[in-house]
Amino acid sequence: MTVNDILTILDANCIAGKDGLDKEVLTACGSDMMSDVLAFAHTQCVLLTGLCNPQVIRTAEMMDIVAIIFVRGKTPDDTMKAMADEQGLPLLVTPHRMFSSCGKLYEKGLTGGLVDG
Amino acid sequence: MAEVMELNYTVSNEDFTRAGEASSDVKKKLKQLGVSPEAIRKVAIALYEGEINMIIHAYGGQIKVTISEEMITLVLADRGPGIADIEKAMQAGYSTAPDKVRSLGFGAGMGLPNMKKNSDTMDIKTELGVGTTVTMTINL
């Protein structure tokens, strides 16, 4: 699955970091707690979150996250968009809620990866 | 003997939105130096967690990164309140962070355990009312 596929599956818009849309996605992580993302996210993972502040972008940068999906229509500000553009990190905005967004991706074969993997 | 490189940063606690700038810079420099992606990931996570901790708990501090051929050493020194109970602080899920910090997505009690997990050695020197120095090494 690529970030482009996720755009379609989640009826999402890409509002920054369009350079990274062709990247391959292997796993997903859904959390509003960046502490947990830093402790549990796998490589080549997308992050689904309802948290909308610059630390979400920083966390993604540190974890080599492939794309960030903001659920419930949360929209990043210009500072966040500039940070994402610089890194080629796609920022997707979906109107769907967290549970539904995760479910839609899981249904298409994306998982959270192995526990302790 | 290969050249040893040293990077120094001052972390300010005045603006939480800037937290992670030091870690971001270190990550970029390690990439330029051709350090392996696995080592870079460990350094980035350990340092970012430490940087966030300094801002949440200790009004900022100093970061020193030393890169040699064998390892990367991260030293994070602050003049904060010190850690009252290191054993508890090392437990996953134990947190003393205020609600304001949680609303920003941090303070889940995973910081120190995650720093330990991503480093090959970790040493904490702390004194109440004086400050804390965390030293981590990541082998190359």
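Modeller: First, the ring rule: rings of Phe, Tyr and Trp (its six-membered ring) pair if their centres lie within 6.5 Å, and planes under 30 degrees apart count as stacked, over 60 as edge-to-face and the rest as tilted. This is a predicted model, in which local features need pLDDT of at least 70, side-chain atom pairs count only at pLDDT 80 or more, totals for chains, interfaces and linings use all residues, and side-chain values use heavy atoms, leaving out hydrogens and water. Residues are numbered from 1 along each chain as its sequence is written, while chains are lettered from A and ligands numbered from 1 in the order in which they are written.

Biologist: How many aromatic pairs turn up over all chains?

Modeller: The search runs over the whole structure. Its count of aromatic pairs, over all chains, is 2.

Biologist: Stacked or edge-to-face: how do B:Phe16 and B:Phe106 pair?

Modeller: The ring centres are 5.9 Å apart. The planes make an angle of 70 degrees, and the pair is edge-to-face.

Biologist: And where does B:Phe106 sit in the chain?

Modeller: Helices (H or I, at least four residues) and strands (E, at least two) are DSSP runs, numbered from the N terminus. B:Phe16, 90 residues from B:Phe106, is in the loop between strand E1 (5-11) and H1 of chain B. B:Phe106 itself is in the loop between H4 and H5 of chain B.

Biologist: Is B:Phe106 buried or exposed?

Modeller: Buried means under 20% relative accessible area, exposed over 50%, partly exposed in between (1.4 Å probe, protein chains only). B:Phe16, at 17%, counts as buried. B:Phe106 has a relative accessibility of 1%, so the verdict is buried.

Biologist: What ring separation do B:Tyr48 and B:Phe106 show, centre to centre?

Modeller: That pair is edge-to-face too, with 80 degrees between the planes. Together with B:Phe16, these two residues are linked by ring pairs into a cluster. Centre to centre, B:Tyr48 and B:Phe106 are separated by 6.2 Å.

Biologist: What area is buried between chain B and chain A?

Modeller: Buried area is the accessible area (1.4 Å probe) that two parts lose on being put together, summed over both. The contact (heavy atoms within 4.5 Å) takes 26 residues from chain B and 22 from chain A. Carbon and sulfur atoms give 54% of the buried area, which is about 1,900 Å².

Biologist: Which residue of chain A forms a salt bridge with B:Lys28?

Modeller: The rule wants a side-chain nitrogen of Lys or Arg within 4 Å of a carboxyl oxygen of Asp or Glu. It finds 2 such bridges across the interface of chain B and chain A. In the one with B:Lys28, the closest N and O atoms are 3.8 Å apart, and the partner is A:Glu86.

Biologist: Why is helix H3 of chain A largely enclosed by the rest of the structure?

Modeller: H3(A) spans residues 54-62. Among its buried residues are A:Arg58 and A:Glu61. The helix is largely enclosed because the buried share of its residues is 9 of 9.

Biologist: Which residue 18 places along the chain has its C-alpha atom 4.6 Å from that of A:Cys45?

Modeller: A:Cys45 lies in strand E3 (residues 45-49) of chain A. At 0% relative accessibility, A:Cys45 counts as buried. Leaving aside neighbours within four places in sequence, its contacts include A:Ala28, A:Cys29 and A:Ile65. The residue with that C-alpha separation is A:Thr27.
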